[in-house]
Amino acid sequence: MTIKQLILITAALIPAFCVADTYQGNITIQSFSKAKKHMQRDIYTNPSHMETLYCGASFDKDKYIELPQGFTTEVHKKRTGRWEAEHIIPAENVGRAFIEWREGHAVCVDRKDKPFKGRECAEKANKEYRLMQSDLYNLYPAIGAVNATRQNYNFVILPDSANKSYRTFGSCEMIIDSKGKKAQPPERSRGIIARTYMYFEAVYPKYKMSGQQRRLMEVWDKTYPVTQWECERSERIKKVQGNHNPILLSRCTNISLSAAS
């Protein structure tokens, strides 16, 4: 038997679902509003895990937040009562890869026959965008004021985190450089952020990180290892959404083995 024949036989023995499923993105949820309902109903159901990503604010089954002691905000104060679904990779950063977002589409015409583009057009005209926007692996609960202030800024380590021109949130160590359009997340969220970016790049051909961004995410991934809850959350999402997170597969297997030993 030749090496080529052996390779073909081996490939044929691998179940097709393993190859397809490992590197596949969201295949089920096409509605952002439905994704948020799944977060509330199927993902964040255990009180010990009902905390916002950046600030660790606890919340109840109805999404009402108990702000951490010392949390403050100078902006968007009305958006502190209930958690919002934060896109780790902002919807706009995803959307700019789609021509419907940038230029519009023939179906994107309002009641006054005026064409429109942007997020609404991408949602209406492109299924792939809807799936990416609604991917539960990219969605985490966040205090609305923090979500709104972060906007679509990329995550970085700011060179001068004490700069008085930055937006801060008191005891919550999220720092926003609105002028430079950058955000420095608290350490508690950096590993999760990194693995979310890595997941998106692994399963969606349209999404690519810059070299600088990828290097930062690789550092955060190594510095802030995966947790048991991150793995449990991934399993819950798979049951709802239908696809694995390939970035977490081996890491979570190692955690499970460690917990069993």
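A charge is taken to sit over a ring if NZ of Lys or CZ of Arg is within 6 Å of the ring centre and within 35 degrees of the ring normal. In this predicted model, the charged end of Arg233 meets that description, sitting over the ring of Tyr140 at 3.6 Å from its centre. A further arginine, Arg82, lies over the face of Tyr64, and here the distance from the ring centre is 4.8 Å.

Aromatic rings also pair with one another. A pair of this kind is described by the distance of the centres and the angle of the planes. The count comes to 13 aromatic pairs. One of them joins Phe98 and Tyr129, whose ring centres are 5.6 Å apart; the planes stand at 80°, so the pair is edge-to-face. This pair links distant parts of the chain, 31 residues apart: Phe98 belongs to the loop between α4 (91-95) and α5 (99-103), while Tyr129 is found in helix α7 (residues 127-133). Phe98 and Tyr129 are both buried. Phe200 and Tyr204 offer a tilted example, with 4.7 Å from centre to centre and 55° between the planes. Phe200 and Tyr204 are buried as well, and they belong to a cluster in which ring pairs link Tyr137, Tyr197, Tyr199, Phe200, Tyr204 and Tyr207.

The nonpolar interior comes next. In soluble globular proteins, nonpolar side chains tend to be buried together. In this model the largest nonpolar core has 59 residues, and the members that touch the most others are Tyr54, Phe155, Met174, Tyr197 and Met217. The element that gives the most to this core is helix α9 (residues 187-203), which supplies eight residues. Tyr197 thus appears both in the aromatic cluster and among the core residues that touch the most other members. For Met174, the contacts beyond its neighbours within four places in sequence include Tyr54 and Phe155, together with Val146, Phe169 and Ala183. Its contacts also take in Arg150, Arg167, Thr168 and Gln184, as well as the prolines Pro185 and Pro186. A second, separate core is made of five residues, among them Cys231, Leu248, Cys252 and Ile255.

Cysteine pairing gives another view of the fold. A disulfide is a covalent bond between the sulfur atoms of two cysteines. Three disulfides are found in a search of the whole structure, and with bonded cysteines counted along the chain they follow the pattern 1-4, 2-3, 5-6. Cys55 is joined to Cys172 at an S to S distance of 2.1 Å. The torsion about the S-S bond of Cys55 and Cys172 is about -75°, so this disulfide is left-handed. Because Cys55 lies in the loop between α3 (32-43) and β1 (58-59) and Cys172 in strand β7 (residues 172-177), the pair ties together parts that are 117 residues apart in sequence. Both ends are shielded: Cys55 is buried, with a relative accessible area of 13%, and Cys172 counts as buried at 4% relative accessibility.

In the disulfide of Cys108 and Cys121, the sulfur atoms are 2.0 Å apart. This link is right-handed, with 90° about the S-S bond. Cys108 lies in the loop between α5 and α6 (119-125) and Cys121 in helix α6, so the parts tied together are 13 residues apart in sequence. Cys108 and Cys121 are each buried. The remaining disulfide joins Cys231 to Cys252, again with S to S at 2.1 Å. Its torsion about the S-S bond is about -90°, so the link of Cys231 and Cys252 is left-handed. The two cysteines are 21 residues apart and link distant parts of the chain, with Cys231 in helix α11 (residues 228-241) and Cys252 in helix α12 (residues 246-260). Both Cys231 and Cys252 are buried, and both are included in the second core.

Strand β7, which holds Cys172, is also part of an open sheet. This sheet has four strands in the order β5-β8-β7-β6, with mixed pairing. The edges are formed by β5 (154-155) and β6 (167-169); each has a single partner strand, so one side of each is left without a neighbour in the sheet. Strand β8 (residues 182-184) and β7 pair in the antiparallel sense over three bridges. Within this arrangement, Ile175 has Gln184 of β8 as its bridge partner, and Gln184 is also in contact with Met174.

Conventions: Residues are numbered from 1 along each chain as its sequence is written. This is a predicted model: local features need pLDDT of at least 70, side-chain atom pairs count only at pLDDT 80 or more; totals for chains, interfaces and linings use all residues. Side-chain values use heavy atoms; hydrogens and water are left out. Rings of Phe, Tyr and Trp (its six-membered ring) pair if their centres lie within 6.5 Å; planes under 30 degrees apart count as stacked, over 60 as edge-to-face and the rest as tilted. Buried means under 20% relative accessible area, exposed over 50%, partly exposed in between (1.4 Å probe, protein chains only). A nonpolar core is a set of buried Ala, Val, Leu, Ile, Met, Phe, Trp, Tyr and Cys residues joined through side-chain atoms within 4.5 Å. Contact means heavy atoms within 4.5 Å. A disulfide is a pair of cysteine sulfur atoms within 2.5 Å. Two strands pair if DSSP finds at least two bridges between them.
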